[in-house]
Amino acid sequence: MADETLQAGSGLVGLAEVREAARLLVSVAVRTPLVPVPRLSDRLLVKPESLQPTGSFKLRGAYTAISMSGLRAKERGVIAHSSGNHGHAVAYAAALLGVHAVVVVPSTAPTVKTDAIAYYGADLVTVAPTMSARITATEELSARRGYALIPPFDDRRVIAGQGTIGLEIAADCPQVDLVLVPVSGGGLISGIAAAIRALCPQAAVIGVEPELAADARDSFRRGERAAWPAADTQRTIADALRVEQVGVLPFAHLRELVSDIITVTEDEMLAAVRLLAKQARLIAEPGGAAAVAAWLFHAAELPTASSPVAVLSGGNIDPALMVRILATD
């Protein structure tokens, strides 16, 4: 039986909130399958969130948050800051809901992502590639124009939306004993862990980060939020995972519900992108392939698992980068 009260009193997102998000997302988010990848692993199942209309899991949280934003969103519009995928999702969700959207992006955001944001009619605001610049611009515009804020990860509505992935994993693979999840700001792993730990308490939830942007790993091991300089996190090719510090609410989930956070190298993520494309016919961006890379190259750091699941979090990769990756053996 599901433990509906697992997070009661702790301030964490609960199963009821995730189930409400799932109700809102019916006919909006794709219920992605668990795909076996026998040429990569005889046990691993991959959940390809790259199949969402916006190419990543972010649609789940963005649509949930905008839907719950009430009259302010409808009357004034919404604003978000994003490295790309959250902004794309906010633009798409806002268009579905008939809401004006503004998206603040770093100057390093890939064109494939900013073009998608503009396609859905959102206004783009470009700032320096630091979290502080993104937050400052977003808060100033929100205060001046009255926009409803749709945060990328530090928001319980967003976390609940991302948690619907965990609901689907639990329903489709109730015997799951390991879930691997890419980590950036922590919203995705928080939501998945909230659902999985309530519905499948035997399962370990483990986060995966680039070793060049391992602030969540450091935070997890120190027991307090650690920040990396933007100049350091910008080194990773995984643009979706370049956040300098996990959110406050996500960190609370990490401490209580997540078993570990491990890191992968740049070459390992690129190899996972290539193998997923060639052996499983699945498109992943580097950050989106991080969890699969962990399973392929860091098995010794993971608990023994007979029914592991890796979340492929996004597939919004620059076509030229994909060509270069596929050309490399």
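Q: Which strands does helix 9 lie across?
A: This is a predicted model. In it, helix 9, residues 215-222, lies across strand 8 and strand 9.

Q: At what angle to strand 9 does helix 9 run?
A: At about 150 degrees.

Q: What sheet has strands 8 and 9 in its order?
A: An open sheet of 6 strands, in the order 1-2-10-7-8-9. Its pairing is mixed.

Q: Which strands stand at the edges, and why is one side of each left without a neighbour?
A: Strand 1 (35-36) and strand 9 (260-264). Each has a single partner strand, so one side has no neighbour in the sheet.

Q: How many bridges join strand 7 to strand 8?
A: There are 5, and the two strands run parallel. Strand 7 covers residues 178-182, and strand 8 covers residues 204-210.

Q: What is the bridge partner of Pro182 in strand 8?
A: Val208.

Q: New topic, pockets. How much space lies in the largest pocket?
A: About 270 Å³.

Q: Which residues lie nearest its centre?
A: His81, Met131, Ile135, Phe153 and Asp154. The lining has 16 residues.

Q: Where does the largest share of that lining come from?
A: Helix 6, residues 131-145, which gives 4 residues.

Q: What classes are in the lining of the largest pocket?
A: It has 8 nonpolar, 4 polar and 4 charged residues.

Q: And how much space lies in the second largest pocket?
A: About 150 Å³.

Q: Which residues line the second largest pocket?
A: Among them are Thr108, Pro110, Asp239, Arg242, Glu285 and Leu321. By class, that lining has 6 nonpolar, 2 polar and 4 charged residues.

Key:
Residues numbered from 1 in each chain as written. Predicted model: local features only at pLDDT ≥ 70, side-chain atom pairs only at ≥ 80, totals over all residues. Heavy atoms only, no water. 1 Å grid on protein atoms, 1.4 Å probe; cavity = no way out; pocket = protein on both sides within 12 Å on 5 of 7 lines; lining within 4 Å. Points joined across faces, edges and corners; volume = space filled by probe spheres on them. Nonpolar A, V, L, I, M, F, W, Y, C, P; charged D, E, K, R; others polar. Pairing = 2+ DSSP bridges. Contact = heavy atoms within 4.5 Å. Axes fitted to C-alpha atoms, helices over the stretch in contact; angles between N-to-C directions.
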